[in-house]
Amino acid sequence: MEQHYDPQQVEAQAQAFWDEAGSFRVRDDDAEKFYALSMFPYPSGRMHMGHVRTYTLGDVIARYQRLKGRNVLHPMGWDAFGLPAENAAIQNKVPPAKWTHANIATMRKQFQRLGFALDWSREFATCDPEYYRWEQWLFKRLFAKGLVERQTTIVNWDPVDQTVLANEQVEDGRGWRSGAVIERREMPQWTLKITAYAQELLDCLDHMDGWPEQVRTMQRNWIGRSEGVDIEFDLRGPEGPLAERLKVYTTRPDTFIGCTYVALAAEHPLTRAVAARDAKVAAFRDKCRNLRTAEADIATMEKLGIETDLVAIHPLTGAELPVWVANFVLMEYGSGAVMSVPGHDQRDWEFARKYGLPIVQVIEPLDAETPCDLEQEAFVDKGRLVNSGAYDGLDFAAGFDAIASALEGKGYGQRRVNFRLRDWGVSRQRFWGCPIPMIHCPSCGPVPVRDADLPVVLPTEVEFEGVASPLKTDACVDWRRCTCPTCGGEAERETDTFDTFMESSWYYARFACADNDQAMLDERAKAWTPVDHYVGGIEHAVLHLLYARFFHKLLRDEGLVDSDEPFTRLLLLGMVNKDGRKMSKSAGNIVSPDELVAEYGADAVRTFMMFAAPPDQTVEWSDSGVEGSIRFLKRLWKLVADHVAGGAAPALDAAVLDADQRTLRRRVHETITRADDDYGRRVNFNTVVSGCMELANEIGRFEDASPQARAVRQEALEALVRILSPIAPHVCHALWQALGQSVPLIDARWPEVDPSALARDTVELVVQVNGKVRARLDLAAGSDQEAAVAAALADVNVDRFTAGKQVRKVIHVPDKLVNLVVG
């Protein structure tokens, strides 16, 4: 064995062995399966330490489960569609496809250099037609089942980039890339009816014990189930009563008597009708087109509005209520209209104060200690009804029921369960995405592409200038033109592409059968799913994970999988920071793993990333931390080198070990026990590393050179190497061979704990006097209370607090604690 640890040589040899043996190519057999998956990356071109942390964590889980004897699927692919490729195409004048595939090649090499135990035979990119063909096929199936609709929705339109932006891409009312003032527009969008699964998505969260409660709470809030009442108002305009009624939804019908005005969204049909005859309303409506629409922005921005010439009639009191247009009401939430109760809603209160509208108290606190001053703010708590006529004195539940019943009895209301969740708009006016498999026929309307014509392949060799999608320009006119599958007439392809969340919502299942070119999924998907342990960033806690859960239920209902949820256990990671900020390209503080791996080796980088913090906490990057990791690996290498230089160790005979030998052996088996729990239950890999460092120190201090001492040291080193191997696999592969093992470490099993080795000759007994710790004593294991008290009273420090006093009571916890109550 080489005396000097050379990480580059060691890691090259280990990777060559794994490649030649096909070590990570998974078997589709009946062995106990474990599916470990990290959220697949966007091929941006270069890994950073955030990537290293994510994929090392996933790799550690996969390697640990393999040590436990399971048949582990640990695949890798590429989330390849998206806007960054379009930006690169503009900047570098290269087609997005070429840029993307070049980046994939670069990142694949980086992944392989880090020694991840990935089954590359299942690799795919979502921009491969062989992949997205099946996404198009499923979309057609959903269209036939009525789960796909073409809806006109309100969107954020960037007039320069000529595309729709998500709320998160609108910064201070401007497009994040172009800087153009964003317009609110109505546009036809293809939507998936996720709302049809809202209740099931909510109910299943109660049984997902392998997910962090924080994430389940975030998803519950996003789905937003509420019980309330649809309320209808009769309307009167300048020419008299209107035939239509105005519908609002409220979860607080108990406050309805306090409604003093009604507010409409700028995009509401009634607002459009008023704007057609009122220039001031039209101007305000235009102003609202450029307002931010994220809920956090609406909560804090100034409340603005304008009164219309409409009047709403309160269905219970007959009061005439003014109808306003307000900037805080959004068409995409609820019905685009709200009943405004300024006494008991802070947003309504701010608006009423600004415009001098009445504020009426109809709810009082249940107790005198709860503050309620409508001159200062709205009282938003549930309480007791007042100033509500026949409903006075009712609490929330009784008031809800009584007023809902009254509205239903008059034909002006209906109880309803509502969800905050909205149908998923999957249309994007972008080029680099999966084509939506629909054809627009002047005679037949939207018609699905025939199965035989799938996939609808995205043209890749096109010039991309960044203004509108090339699919909509003359560059792709031949691609757009087609014939209608129904009538055979001239038609055009849909030029919108899918939201990239579509591709990332089912990729995990495709990994099970990526070689099947005849079906979206086969029986192997049922065998491998759900994913046993899923790893990724906390930023994906809602949208990606919610869409993947929805897709899994769609796949289930197509008979393609047979489970209800896609991921059994979820690990979401904290960020990697440098200089106090999240490591990112935009912050200019990226640390590339390439240079670190070249200098210190992959194992040192992996070890630091696992040692730096628990997975769910933020890591503060430190160059010195990597240096500390390489020092530890060098020390471990020397321990093994010095040991094997002494020749083969004899068989271990536990019956003849002396006290020091038993102590080291006990520490070994305690470390195995803790590490097993840290890897499996706690998922705290930093404590695995610290435990290995402590055990290495114990071995280093053990200087006994007798035959049985060498046997104990052999067992200790073999255990230490196996425990550390999921984190530092290359060096452990070499050390395992050096320790004389013929079975490769990748095929070895987790070390078994010998219960007899955990037995202690002595224990540490904590001694308290009147509840305060006064001593810690070594005492023979199994000592009774009499012996424990005698040993405690014999201690010099304990004697200081007990001398001349009577022991009135003894509390004894065998082998742990004795508490002397004296007085």
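This is a short dialogue on reading a predicted model, from the whole chain down to a charged patch on its surface.

Visitor: How many helices and strands does the protein chain have?

Guide: The protein chain has 25 helices and 33 strands. Its C-alpha trace spans about 105 × 80 × 45 Å along the principal axes.

Visitor: What share of the residues is buried?

Guide: Buried means under 20% relative accessible area. Of the 823 residues in the protein chain, 53% are buried. The chain exposes about 35400 Å², and carbon and sulfur atoms supply 48% of that area.

Visitor: What share of the contacts joins residues at least 24 apart?

Guide: Taking contacts between residues at least 6 apart in sequence, 72% join residues at least 24 apart.

Visitor: How far apart are the mean positions of the positive and negative charges?

Guide: The protein chain has 94 positive and 120 negative charges, and their mean positions are 1 Å apart.

Visitor: Which residues gather in a patch of negative charge on the surface?

Guide: A patch takes residues with over 30% relative accessible area and no salt bridge, and like charges are joined within 9 Å. Here the negative patch consists of Glu-595, Glu-599, Asp-623 and Glu-627. Two elements, helix H17 (593-600) and helix H19 (623-644), each give two or more residues to this patch.

Visitor: Is Glu-627 buried, partly exposed or exposed?

Guide: Glu-627 lies in helix H19. Glu-627 counts as partly exposed because its relative accessible area is 33%, and partly exposed covers the range between under 20% and over 50%.

Technical notes:
Residues are numbered from 1 along each chain as its sequence is written. This is a predicted model: local features need pLDDT of at least 70, side-chain atom pairs count only at pLDDT 80 or more; totals for chains, interfaces and linings use all residues. Side-chain values use heavy atoms; hydrogens and water are left out. Patches are made of residues with over 30% relative accessible area and no salt bridge: like charges are joined within 9 Å, nonpolar side chains (Val, Leu, Ile, Met, Phe, Trp, Tyr) within 5 Å. Accessible areas come from the Shrake-Rupley method with a 1.4 Å probe; for residues, only the protein chains shown count as cover. A salt bridge is a side-chain nitrogen of Lys or Arg within 4 Å of a carboxyl oxygen of Asp or Glu. Lys and Arg count as positive and Asp and Glu as negative; His and the chain ends are not counted. The place of a charge is taken as NZ of Lys, CZ of Arg, CG of Asp or CD of Glu. Helices (H or I, at least four residues) and strands (E, at least two) are DSSP runs, numbered from the N terminus. Buried means under 20% relative accessible area, exposed over 50%, partly exposed in between (1.4 Å probe, protein chains only). Contact means heavy atoms within 4.5 Å.
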